[in-house]
Amino acid sequence: MKRYRAPPVAGSEITPESVYLQRRHFLRSLGLAAPLLASGCSRGEDGAPPAAAAEPSGKPLAAPRSERWTTGEELTSWNDATQYNNYYEFGTGKGDPARNAGRFKPQPWTVEVAGHAEVIGRFTLEDLLKPHALEERVYRHRCVEAWSMVIPWVGIPLGACLARFKPTSRAKYVAFTTVQRPAEMPGLAYPVLDWPYREALRMDEAMHPLSLLAVGLYGRELPNQNGAPLRLIVPWKYGFKGAKSIVRIEFWERQPVTSWNLAAPTEYGFYSNVNPAVDHPRWTQSSERRIAGNGGGLFARRIATQPFNGYAEDVASLYAGMDLRANF
Ligand SMILES: Nc1nc2c(c(=O)[nH]1)N[C@H]1C(S)=C(S)[C@@H](COP(=O)(O)O)O[C@H]1N2
Ligand SMILES: [Mo]
């Protein structure tokens with residue numbers, strides 16, 4: 001096995017987040033956690049080596065690269081993108097998902113479609129992907145915890161998938177519920193979030209051509225820890241909007257409840273558009289640690305965070321007239 005190298009987190013950033021979390025687990029079990037702040041995606045690193053090999057694995061996917069939706073920035077390595085993850089159903093440490101997701105079975109897979117749409121029901125993964133050919137897009141990927149990566153995702157535009165269900169005029173939002181399998185997901189034993197993990201988008205955000213329903217990365221099927229077999233990627237928003245392992249899509253008239261917003265509404269807004277001008281109450285969002293290329297690991301370089309994660313030209317118009325400080 002490869003020697004585990006230092007986790008890509010700067011010493012100065014190892015905050016007591018993981019301590020907050022553990023305390024929260026304990027207090028929640030006593031029904032006392034409500035007054036405590038949630039930790040966001042935990043920034044603590046547990047340091048234990050991941051069990052999974054860091055060699056590229058997974059079935060290759062044929063997907064031509066989209067020039068329109070590809071950034072030329074230096075890619076994050078396969079190793080970092082698949083060993084440094086947030087997927088709390090497998091544990092809150094960054095190495096936990098790679099280490100604990102081996103028992104998870106992403107196939108066969110079906111997704112329930114419900115709510116305000118003409119076409120609803122249960123669909124297989126293959127069926128969901130039919131409306132569009134797979135393509136590869138290299139996106140910036142920015143976690144609310146102020147680290148970022150550059151990842152070549154494989155998927156189809158979310159809008160192409162959703163349009164085929166013919167959402168009605170009452171569909172103003174679309175909600176995503178992710179899988180909850182306690183026998184395969186050890187993190188579900190801890191009440192860190194109100195499981196199952198839920199996320200949602202406004203309809204126009206979901207239909208925007210940048211929103212991607214991803215089934216792979218680096219030309220291969222998604223590893224379990226990255227959200228196999230399908231997950232959302234909304235590159236102008238903080239990473240937690242990108243729900244992994246989706247099992248239900250529901251069209252709503254009112255704004256749906258979402259997991260992180262429910263856990264800590266003053267810290268994680270519904271919109272969560274990447275915004276360097278609006279700090280998280282406990283840390284700055286004006287810069288980020290870019291985990292990519294030789295600058296990875298402890299020496300990851302800090303770069304300025306861009307409004308809408310660099311996609312302002314494409315998406316700022318979606319929020320015309322909105323106060324982005326109030327609607328963070
Ligand atoms: N179901 C589920 N989806 C999730 C999460 C999670 O804990 N559970 N974490 C989110 C967070 S905080 C981030 S930053 C991204 C991380 O995606 P990656 O591990 O593929 O980089 O997934 C998001 N999707
Ligand atoms: Mo995140």
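Two strands are said to pair if DSSP finds at least two bridges between them; strands (E, at least two residues) are DSSP runs, numbered from the N terminus. The structure is a predicted model, in which local features need pLDDT of at least 70 and side-chain atom pairs count only at pLDDT 80 or more, while totals for chains, interfaces and linings use all residues. Residues are numbered from 1 along each chain as its sequence is written, and side-chain values use heavy atoms, with hydrogens and water left out.

Strand 7 (residues 212-217) is a suitable starting point. With strand 9 (residues 231-233) it runs antiparallel, joined by 3 bridges, and Leu212 stands opposite Ile233 there. Strand 4 (residues 147-157) also pairs with strand 7 in the antiparallel sense, over 5 bridges; here Ile156 faces Leu213 as its opposite residue.

A further antiparallel partner is strand 8 (residues 220-221), paired with strand 7 over 2 bridges, where Gly216 stands opposite Glu221. Strands 7 and 8 form a hairpin with 2 residues between them, and Tyr218 in the turn has a positive phi of about 50 degrees.

Because 6 of the 6 residues of strand 7 are buried, this strand is largely enclosed by the rest of the structure; buried means under 20% relative accessible area, with a 1.4 Å probe and protein chains only.

The largest nonpolar core (buried Ala, Val, Leu, Ile, Met, Phe, Trp, Tyr and Cys residues joined through side-chain atoms within 4.5 Å) has 82 residues, and Trp153 is among those that touch the most other members. Strand 4 gives the most to this core, with 6 residues. Beyond its neighbours within four places in sequence, Trp153 is in contact with residues including Leu212, Ala214, Gly216, Leu217 and Ile233, contact meaning heavy atoms within 4.5 Å.

How values were computed: Chains are lettered from A and ligands numbered from 1 in the order in which they are written. Buried means under 20% relative accessible area, exposed over 50%, partly exposed in between (1.4 Å probe, protein chains only). Helices (H or I, at least four residues) and strands (E, at least two) are DSSP runs, numbered from the N terminus.
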